[in-house]
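Here is a short note for a colleague who has not looked at this model before. It takes the pockets and the ligand in turn, then two backbone details.

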Amino acid sequence: MQALILAGGKGTRLRPLTIHTPKPVVPIVNKPFLNYQIDLLKRAGVKDITLSLSYQPGKIEEIFADGQDYDVRIHYAVEASPLGTGGAYKNAEKYLTETAIVFNGDVLTDMDLARIVAHHKERKAAATVVLVPVENVSAYGVVETDSEGRVQRFVEKPKPGETTSNTINAGCYILEPHILNYVPAGETYSFEYQIFPSILKAGEPFYSYIWNDYWLDIGKPQSYLQANYDLINDKLPVFPVYRHNPQFGNSEDAPKIDYVSVVDPSCTIKPGVEIINSVIGPNCIIEEKARIENSVVWAASRIGKEAVICNSIIGKSGIIGKSSVVDGAILGDKSSLTDYTII
Ligand code: GDD
Ligand code: MG
């Protein structure tokens with residue numbers, strides 16, 4: 001078994017966070033996102049993982065190198081300019097010689113990949129697409145199936161009334177290597193608009209597998225926050241969170257970090273600070289009586305005295321002035337707010 005992770009998108013919907021940090025490695029509970037997908041693949045016994053990159057590839061290669069630190073073998077297929085999801089798949093052809101798991105590089109899930117691959121093999125499928133039911137399908141690719149789970153139709157980003165199905169493409173496929181033959185080399189191509197319709201037309205055995213447990217596309221600010229909340233609140237038992245939070249005494253003005261929050265041990269947390277349902281990255285300084293709630297603060301940020309941060313994401317090396325109130329904001333790296341700002 002081999003795997004390909006499509007991780008070359010620009011992460012436009014997560015800007016400004018993705019200006020200096022490509023989406024596949026945005027920190028989720030202080031770990032680059034792809035760690036979670038690599039872990040899931042490892043659980044299914046997959047050790048050969050190709051990362052398909054295009055946007056800021058160096059930053060991703062620097063983190064994962066040859067995969068040795070993660071006990072996997074990582075290969076890279078880099079596009080000079082983005083070739084779309086299908087073109088990226090073709091571009092990784094030399095690493096895809098066996099049945100492969102293909103993942104969109106922005107999906108947080110606890111899928112049982114071994115079970116899904118077994119389902120694919122039992123049906124002698126050429127392709128299997130994992131589906132998840134969602135309430136609002138408009139931001140996804142809808143997949144219509146028959147009563148035996150055979151794929152009938154794809155409707156990418158449907159307009160109202162275009163489909164009645166509520167099962168969407170979860171961004172995870174099991175593909176036999178000959179599916180590569182449906183893709184022209186060196187061209188911009190799409191799984192969703194081109195490869196899938198072609199293999200349907202050709203009458204290939206194309207099946208679906210419905211995943212009813214956890215699934216989230218982290219590619220929008222609200223879902224990025226949600227991914228952090230869900231992990232620290234133990235909604236994904238396959239990814240237990242290990243806390244090494246700084247410890248304080250019981251004095252009255254000792255900082256209070258609630259049970260779920262994750263604070264990197266390198267942080268300086270001053271007296272009277274309160275941290276609730278939040279994640280604080282390495283080397284942050286949180287000044288006296290600041291309160292951080294339902295938020296994610298990236299590395300090396302300084303939160304001023306008595307500042308309040310709620311429902312927000314603060315990029316790397318942010319400076320939040322004293323007594324500021326930041327609610328529902330997404331601040332890019334090196335943002336600086338003067339004292340008493342209200343946003
Ligand atoms: N290498 C490479 N090159 N990767 C790409 C490219 C490219 O040109 N374009 C996109 N990707 C990667 C992105 O980095 C992302 O991980 C994945 O492919 C999917 O792209 P998105 O831009 O996040 O697509 P989406 O979320 O709008 O829709 C896709 O995912 C949905 C599930 O989250 C589609 O596959 C939908 O059908 C699906 O429902
Ligand atoms: Mg996406």
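**Notes on the pockets and the ligand**

1. Four elements, α3, β11, α5 (191-201) and β13, each supply at least two residues of the lining of the largest pocket. This is a predicted model, and the points below should be read as a description of that prediction.

2. The volume of the largest pocket is about 900 Å³. Its lining is made up of 40 residues, and Arg13, Lys23, Thr85, Asn104 and Asp106 are those that lie nearest the centre of the pocket. Sorted by class, the lining of the largest pocket has 14 nonpolar, 16 polar and 10 charged residues.

3. Where is ligand 1? Ligand 1 sits in the largest pocket. The elements that give two or more residues to the shell around ligand 1 are α3 (84-91), β11 (167-175) and β13 (215-217). Of these, α3 gives the most to that shell, with 3 residues.

4. The shell around ligand 1 has 25 residues, of which Glu79, Gly84, Glu156, Asn169 and Glu192 come nearest. By class, this shell divides into 8 nonpolar, 9 polar and 8 charged residues.

5. Which atoms of the protein are in polar contact with ligand 1? Three contacts can be checked in the view, each involving an oxygen atom of the ligand. For asparagine 169, a backbone N or O atom lies 2.7 Å from such an oxygen. For asparagine 104, the atom concerned is a polar side-chain atom, at 3.0 Å from an oxygen of ligand 1. For leucine 83, a polar backbone atom is 3.3 Å from an oxygen of the ligand. Taken alone, ligand 1 exposes 740 Å², and the protein buries 90% of that area.

6. Asparagine 104 and asparagine 169 may be worth finding in the view together with the lists above. Asn104 is among the residues nearest the centre of the largest pocket, and its side chain supplies one of the polar contacts with ligand 1. Asn169 is one of the residues that come nearest to the ligand, and its contact is made through the backbone.

7. The second largest pocket holds about 320 Å³ of space. It is lined by 15 residues, with Thr21, Val25, Pro27, Ile63 and Lys316 lying nearest its centre. Both β3 (31-32) and α2 (57-64) supply at least two residues of this lining, and α2 gives the most to it, with 3 residues. By class, the lining of the second largest pocket has 7 nonpolar, 4 polar and 4 charged residues.

8. Is the peptide bond between arginine 15 and proline 16 cis or trans? The bond joining arginine 15 and proline 16 is cis, with omega about 5 degrees. Proline 16 is found in the loop between β1 (2-6) and β2 (27-28).

9. Aspartate 71 has a positive phi of about 65 degrees, although this residue is not a glycine. Aspartate 71 lies in the loop between α2 and β5 (73-78). Helix α2 is also the element that gives the most to the lining of the second largest pocket.

Conventions. Residues are numbered from 1 along each chain as its sequence is written. Chains are lettered from A and ligands numbered from 1 in the order in which they are written. This is a predicted model: local features need pLDDT of at least 70, side-chain atom pairs count only at pLDDT 80 or more; totals for chains, interfaces and linings use all residues. Side-chain values use heavy atoms; hydrogens and water are left out. A residue is near a molecule or strand if one of its heavy atoms lies within 4 Å of it. A polar contact is a pair of N or O atoms within 3.5 Å; within protein, one must be able to donate a hydrogen and the other to accept it, and residues adjacent in sequence count only if both atoms are side-chain atoms. Accessible areas come from the Shrake-Rupley method with a 1.4 Å probe; for residues, only the protein chains shown count as cover. On a 1 Å grid over the protein atoms alone, a cavity is a set of points where a 1.4 Å probe fits but cannot get out, and a pocket is an open set with protein on both sides within 12 Å along at least five of seven lines; lining residues have an atom within 4 Å of a point. A molecule sits in a cavity or pocket if more than half of its atoms lie within 2 Å of its grid points. Ala, Val, Leu, Ile, Met, Phe, Trp, Tyr, Cys and Pro count as nonpolar, Asp, Glu, Lys and Arg as charged, and the others, Gly among them, as polar. Grid points are joined across faces, edges and corners, and a volume is the space filled by probe spheres set on the points.
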